[in-house]
Amino acid sequence: MAANIRALAAKALFQVVDKGRSLSDVLPELQQKAEAKDKALLQEICYGVLRVLPELEASLKDLVTKPLKGKTRSTHFLMLVGAYQLKYMRIPDHAAINETVNATKALKTDFLRGMVNGVLRNLQRNQPSIDENASDPVKFNHPSWFIKQIKNAYPQQWQNILENNQHKPPMWLRANARTNSAQEYVSLLGQANISVVRIDSNSDAILLEKPTDVSVLPGFEQGAVSVQDGAAQQAATLINCQANERILDICAAPGGKTCHMLELTPDIAEMVAIDIDGNRLARVQENLERISLNAELIEADASQPKTWWDGKQFDRILLDAPCSATGVIRRHPDIKWLRKASDIDVLVELQQQILDASWQLLKPGGTLLYATCSILPQENKDQVDAFLKRQSDATLVPIEQSQDDIGWQILPNEHSMDGFYYAKIMKS
Ligand SMILES: C[S@@+](CC[C@H](N)C(=O)[O-])C[C@H]1O[C@@H](n2cnc3c(N)ncnc32)[C@H](O)[C@@H]1O
């Protein structure tokens with residue numbers, strides 16, 4: 001018998017919110033149990049609930065008098081799944097309620113069937129609006145520590161940022177410059193009836209009108225195109241690799257930027273890509289193979305060059321540092337609930353160690369591009385500012401597109417891109 005999608009969604013949410021597992025790990029396991037036609041629905045429900053979790057919790061608060069704990073805890077998430085469908089999905093209410101109530105059986109909580117039914121019928125009759133006096137997490141659907149940090153960092157834009165984080169992200173493509181220009185690829189998309197919004201003038205990234213499965217993208221299997229956000233595609237343009245240079249890509253997996261640099265500059269002398277995670281490094285290899293590109297891959301800790309570096313310096317280094325990923329919450333809403341305030345200091349320390357270690361590997365006259373998908377200043381401009389003060393041979397190179405004093409902070413949804421940060425630093 002086909003698995004009940006609402007029950008699978010409740011299980012996934014339990015794993016993410018209560019057990020701290022990432023949705024991208026949990027979802028594929030559960031999608032295997034769903035019929036092919038239902039996989040997208042399961043995904044939509046899980047992502048959707050995580051986008052507006054506090055608001056849904058608040059809507060249930062007065063209706064569920066006895067908190068569900070222990071073995072009944074996943075039924076709490078089932079009610080959130082029900083509440084999400086009623087408020088945000090086009091599924092007819094009666095079908096959403098029936099399917100959700102039936103899921104109690106799959107969760108082995110049949111005895112709560114009546115309660116789930118009652119709560120959802122109540123919500124159907126009387127959908128509470130968010131009241132003015134609600135707390136900030138409920139009004140803005142983010143954890144309070146994060147709201148506080150964003151208010152501090154962006155006193156004018158904080159509400160916009162939090163709202164943009166709740167949007168579904170668009171799909172961006174990167175045409176492989178070795179096989180076709182962005183303009184040529186847009187023609188191929190037209191022939192396949194796939195609509196394009198625009199091509200980014202800085203990077204040639206292609207913004208699609210609607211997300212689509214990669215299997216329908218012309219030439220995808222042959223490497224003519226890759227999926228990569230518009231912000232991530234700025235990296236290869238900014239670092240501007242030249243023929244015969246030795247390039248190092250630090251924290252490279254899954255290899256989107258490694259491939260992009262190789263596509264733009266086919267005659268690079270050497271591309272070395274390093275990452276600490278062997279499984280993720282295997283994905284770099286898969287991407288290189290699909291696009292028919294070559295790089296030397298090293299599984300190692302970038303903060304410890306002694307363990308892997310041969311002593312030959314590089315002309316350019318891309319350091320795409322491990323970070324809070326707070327710029328990509330619209331793509332990964334689980335980040336809001338997985339990330340804790342205390343993680344930030346640990347990440348800042350790690351970034352500093354990797355940045356300092358990377359600097360020794362750069363030739364005098366060489367350029368390092370520091371990148372994160374974070375919007376927190378501690379990981380971005382403050383990190384780079386402190387680095388420039390520590391390293392007397394480091395000079396900041398201005399980035400044309402940026403209005404910021406140190407580097408370029410792209411905010412989530414700015415020009416439809418993910419939140420990202422870049423700083424270009426030259427070694428004298
Ligand atoms: C933001 S992701 C990189 C994305 C990649 N540059 C791309 O464009 O596809 C950060 C990566 O840093 C890696 N990482 C974390 N700590 C590391 C360390 N100490 N040394 C090397 N890699 C590390 C993680 O495994 C992860 O793959």
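Contact is taken here to mean heavy atoms within 4.5 Å. In the predicted model, Asp418 touches, by this criterion and not counting residues up to four places away in sequence, Asp229, Ala231, Gly327, Val328, Arg330, Arg331, Ile410, Leu411 and Pro412. Asp418 itself lies in the loop between strand S11, spanning residues 408-410, and strand S12, spanning residues 420-427. With a relative accessible area of 3%, Asp418 is buried, and its side chain takes part in polar contacts with two of the arginines in that list: one of 2.9 Å joins it to the side chain of Arg330, and one of 3.0 Å joins it to the side chain of Arg331.

A second buried loop residue is Asn141, which is placed between helix H8 (136-140) and helix H9 (144-153) and has a relative accessible area of 1%. Two side-chain polar contacts are found for Asn141, namely one of 2.9 Å with Glu55 and one of 3.3 Å with Gln166. When residues up to four places away in sequence are not counted, the residues that Asn141 touches are Arg51, Val52, Leu53, Pro54, Glu55, Asp136, Gln166, Lys336 and Trp337, so that both polar partners, Glu55 and Gln166, also appear in this set of contacts.

Helix H11, which comprises residues 182-191, has Ala182, Tyr185, Val186 and Leu189 as its buried residues. These residues cover an arc of only 105° around the axis, and they are therefore placed on the same side of H11. On the other side of the helix, by contrast, Gln183 and Gln191 are exposed. The buried residues of H11 pack against four strands, which are S1 (172-175), S2 (196-199), S3 (206-208) and S4 (225-227). Following H11 comes Asn193, for which phi is positive, near 60°.

The ligand is surrounded by 17 residues, and the closest of these are Lys257, Asp275, Arg280, Ala302 and Asp320. Polar atoms of the ligand are paired with both backbone and side-chain atoms of the protein. A nitrogen atom of the ligand lies 3.0 Å from a backbone N or O atom of Cys251, whereas an oxygen atom of the ligand is 3.2 Å from a polar backbone atom of Ala253. In the case of Asp301, an N or O atom of the side chain is found 2.9 Å from a nitrogen atom of the ligand. Taken alone, the ligand exposes 610 Å², of which 86% is buried by the protein.

The cysteines were considered separately. A search of the whole structure finds zero disulfides. Cys251, whose backbone lies 3.0 Å from a nitrogen atom of the ligand, is in no disulfide, and the nearest cysteine sulfur, that of Cys323, is 9.9 Å away. Because a disulfide is a pair of cysteine sulfur atoms within 2.5 Å, the separation of 9.9 Å between the sulfur atoms of Cys251 and Cys323 does not meet the criterion. At 18% relative accessibility Cys251 counts as buried, since the cut-off for a buried residue is under 20% relative accessible area. Cys46 likewise counts as buried, its relative accessibility being 0%.

Conventions: Residues are numbered from 1 along each chain as its sequence is written. This is a predicted model: local features need pLDDT of at least 70, side-chain atom pairs count only at pLDDT 80 or more; totals for chains, interfaces and linings use all residues. Side-chain values use heavy atoms; hydrogens and water are left out. Buried means under 20% relative accessible area, exposed over 50%, partly exposed in between (1.4 Å probe, protein chains only). Helices (H or I, at least four residues) and strands (E, at least two) are DSSP runs, numbered from the N terminus. The arc is that of the directions from the helix axis to the C-beta atoms. A residue is near a molecule or strand if one of its heavy atoms lies within 4 Å of it. A polar contact is a pair of N or O atoms within 3.5 Å; within protein, one must be able to donate a hydrogen and the other to accept it, and residues adjacent in sequence count only if both atoms are side-chain atoms. Accessible areas come from the Shrake-Rupley method with a 1.4 Å probe; for residues, only the protein chains shown count as cover.
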